[in-house]
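Biologist: I am new to this structure and should like to understand the reasons behind the terms used for it. May I put some questions to you?

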Amino acid sequence: MRSFMHRLMILAMTVAGTALLAAFGSEAQAQGANGGSVADGARVYGAMCGRCHNPRSPLERTDRAWVTIANHMRARGNLTGKEVRQVLAFLQATNTDPSERAALPGASAAAPTSLRTGPVATDPELVARGKTLSEQKACVGCHVIANTGGQIGPGLNAIVSKKGADFVRRKLADPTFNSSTSMMPNFGLAADEIEAIVAYLNSLRGGN
Amino acid sequence: MVTVDSKRVFAIAIGMGLALATSTSAAAQDEPIPAGDRVIPTTQVVLSGYGTVGYGITTQGANENAFNAAINPIFLFQFQDRILFEAEFEFELEGGVTETGLEYAQLDVMVLDNLTLVGGKFLLPFGVFGERLHPTWINKFPTAPPMYGHHVAAFGAEPLLPILSDLGFMARAMLRPGPVHLTLNGYVTQGAAPEDPAAGVAELVFPGSSGDNNTDKLLGGRLDLAVPPHFEVNFSYMNSDYDVDNVLDLTGWNVAAEFRAANFEVRGEYLQTRQEIEVPSGFPTLRRHGFYAQAAYRFGAWESVFRWTQVFDSELDGVTQNRGAWQAGFGLDYWFSPSIAFMGGYEVNNELGPELDNDRFIFHIAYGF
């Protein structure tokens with residue numbers, strides 16, 4: 001049997017605890033914060049969301065809807081505010097449908113339907129462009145490239161020699177072609193961009 | 001009975017832990033979520049949820065052969081960056097009747113980057129299955145582990161606890177020391193009540209109504225230690241009086257663990273409850289416990305699942321009260337997309353008591369939207 005004083009004590013502790021936390025919060029507020037990067041967001045997305053369920057395609061929601069969904073998951077899945085911002089950076093950077101992305105200013109006109117096949121070029125300029133594109137698309141968020149990166153997807157150091165250049169080209173053009181549950185976004189890459197990335201990945205182990 | 005002191009110590013530990021977590025977190029930053037057009041200016045409403053259509057047929061025991069359908073819409077109302085009201089409803093066909101339920105209706109206030117306060121009716125962080133894994137598109141098997149009972153979980157033994165949601169208040173604080181994720185949850189809710197107050201050994205339920213059958217509140221907490229995405233372990237505890245007179249005590253604790261690597265994952269939970277019973281000679285304790293363990297392996301769009309659930313004999317002061325039971329579940333899923341799957345399963349149900357076993361096939365398509 002609980003006494004009145006016992007219940008009062010619990011209530012007082014709850015109030016005091018909340019006040020204490022609010023006080024710490026005021027202090028923390030002045031410290032500022034880091035914004036989310038796409039690569040960090042990809043890592044958090046795969047690691048945290050994948051604990052309970054298959055990570056959903058970024059294409060499922062608009063930028064604004066993802067904010068609400070991410071906060072729903074913040075309350076349900078133990079994400080911090082910083083992690084939510086990182087996840088949003090990833091989702092909002094990758095949730096544009098390829099057909100819509102092609103219409104954006106600066107988008108490449110080349111369509112991935114004209115994918116090359118066969119041997120991979122080793123032109124240093126093409127390799128360098130592929131490296132830049134790989135960094136821009138934050139591949140390292142999910143994949144190990146040159147011995148660093150996330151572990152959500154397979155390592156890419158030897159992906160071209162293991163799977164073949166045509167597989168990698170097709171995967172970059174349509175990430176779900178071999179796996180209906182793939183969380184890899186469709187970046188809407190143009191054929192020449194795909195070729196550059198394949199050339200870069202190929203250069204990591206130097207050969208098909 | 002658990003003494004007042006032990007409950008007080010528990011409450012103090014939870015309170016201090018939450019404060020410590022908040023004060024020492026390197027992630028205790030407080031920045032508005034996205035800038036510019038990503039900020040929600042006033043209120044935004046988003047509909048989410050999941051639906052299921054299925055079919056089950058028994059091959060032994062009771063003769064059941066039926067289709068079923070259910071939908072659980074989740075409404076999310078967000079005000080600016082820090083306030084979210086979320087509610088999940090359940091509509092399920094059950095024996096020709098449409099059953100409705102309110103799984104949760106809660107207000108989340110993101111006070112700090114690593115502190116969230118929750119009020120209303122919420123899923124209790126007691127174990128992991130009830131709070132995070134019970135949606136049909138997330139649960140990899142067509143039924144819930146029968147020790148919890150919920151979502152077409154036929155089983156011989158009484159569930160040890162329902163999937164829990166209750167009315168009250170909760171604080172959740174997160175710490176990120178290196179690769180380890182620490183989360184501490186503490187909550188105060190209405191608590192359990194006897195399903196039938198006249199029964200000698202009452203089954204307990206969490207009514208989740210605006211009234212309370214007594215003046216005592218349930219105190220509970222869960223400590224999560226995770227190294228995502230590979231490993232997580234959770235320790236849960238709850239305690240309250242459950243009778244009208246604030247005399248009979250209920251204590252529950254739970255240990256949950258999960259490991260995943262590449263396409264393989266294994267998870268499980270052990271649950272124990274200690275419930276005081278009133279008899280003329282005093283207040284003996286009814287001890288009930290059980291566990292489930294589940295392994296799943298993904299190959300392409302297919303995923304195989306095996307789940308074992310065991311409910312041990314319940315004991316009243318060391319004397320067997322009810323026989324236990326076990327269930328073996330064999331499942332095969334096909335994923336059409338990350339949130340749409342066909343799930344097929346076969347349950348072998350073995351009661352250790354005198355009743356018949358009910359083995360059955362269950363199939364359903366689960367859609368998370």
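Biologist: Where is Gln80(B) placed in chain B?

Modeller: In this predicted model, Gln80(B) sits in the loop between strand S2 (65–79) and strand S3 (83–94) of chain B.

Biologist: Why is Gln80(B) called partly exposed?

Modeller: Gln80(B) has 14 other C-beta atoms within 10 Å. A residue is buried at 20 or more and exposed at 12 or fewer; the value for Gln80(B) falls in between, and therefore the residue is partly exposed.

Biologist: What makes the phi of Gln80(B) notable?

Modeller: Gln80(B) is not a glycine, although its phi is positive, at about 50 degrees. Most residues other than glycine have a negative phi. Asn246(B), in the loop between S11 and strand S12 (249–261) of chain B, also has a positive phi, near 55 degrees.

Biologist: Is Asn246(B) then buried or partly exposed, and why?

Modeller: Asn246(B) has 18 C-beta neighbours inside 10 Å. Being buried requires 20 or more, so Asn246(B) counts as partly exposed.

Biologist: Why does Val127(A) count as buried?

Modeller: Val127(A), which belongs to helix H6 of chain A, has 21 C-beta neighbours inside 10 Å. The cut-off is 20 or more, so Val127(A) is buried. Apart from neighbours within four places in sequence, Val127(A) is in contact with Ala199(A), Tyr200(A) and Ser203(A).

Biologist: How do H6(A) and H9(A) cross, and what is their arrangement called?

Modeller: The axes of helix H6 (residues 124–136) and helix H9 (residues 191–205) of chain A come within 7 Å and cross at roughly 100 degrees. Angles from 65 to 115 degrees count as roughly perpendicular, so H6(A) is roughly perpendicular to H9(A). The residues of this contact comprise seven nonpolar, three polar and three charged.

Biologist: What is the handedness of the crossing of H3(A) and H4(A)?

Modeller: That crossing is right-handed. Helix H3 (residues 63–77) and helix H4 (residues 81–94) of chain A pack at an angle of about 145 degrees, their axes being 10 Å apart.

Biologist: Which element of chain A has the lowest mean pLDDT?

Modeller: Helix H1 (residues 4–29) has the lowest, with a mean of 49, whereas helix H8 (residues 165–173) has the highest, 92. Over residues 21–35 of chain A, pLDDT stays under 50. Where pLDDT is low, the predicted coordinates should not be read in detail. Chain A as a whole averages 76.

Conventions. Residues numbered from 1 in each chain as written. Chains lettered and ligands numbered in written order. Predicted model: local features only at pLDDT ≥ 70, side-chain atom pairs only at ≥ 80, totals over all residues. Axes fitted to C-alpha atoms, helices over the stretch in contact; angles between N-to-C directions. Helix = DSSP H or I, 4+ residues; strand = E, 2+ residues; numbered from the N terminus. Parallel < 35°, antiparallel > 145°, perpendicular 65-115°, else oblique. Nonpolar A, V, L, I, M, F, W, Y, C, P; charged D, E, K, R; others polar. pLDDT = per-residue confidence, 0-100. Contact = placed C-beta atoms within 7 Å. Left-handed = near helix turned anticlockwise from the far one by under 90°.
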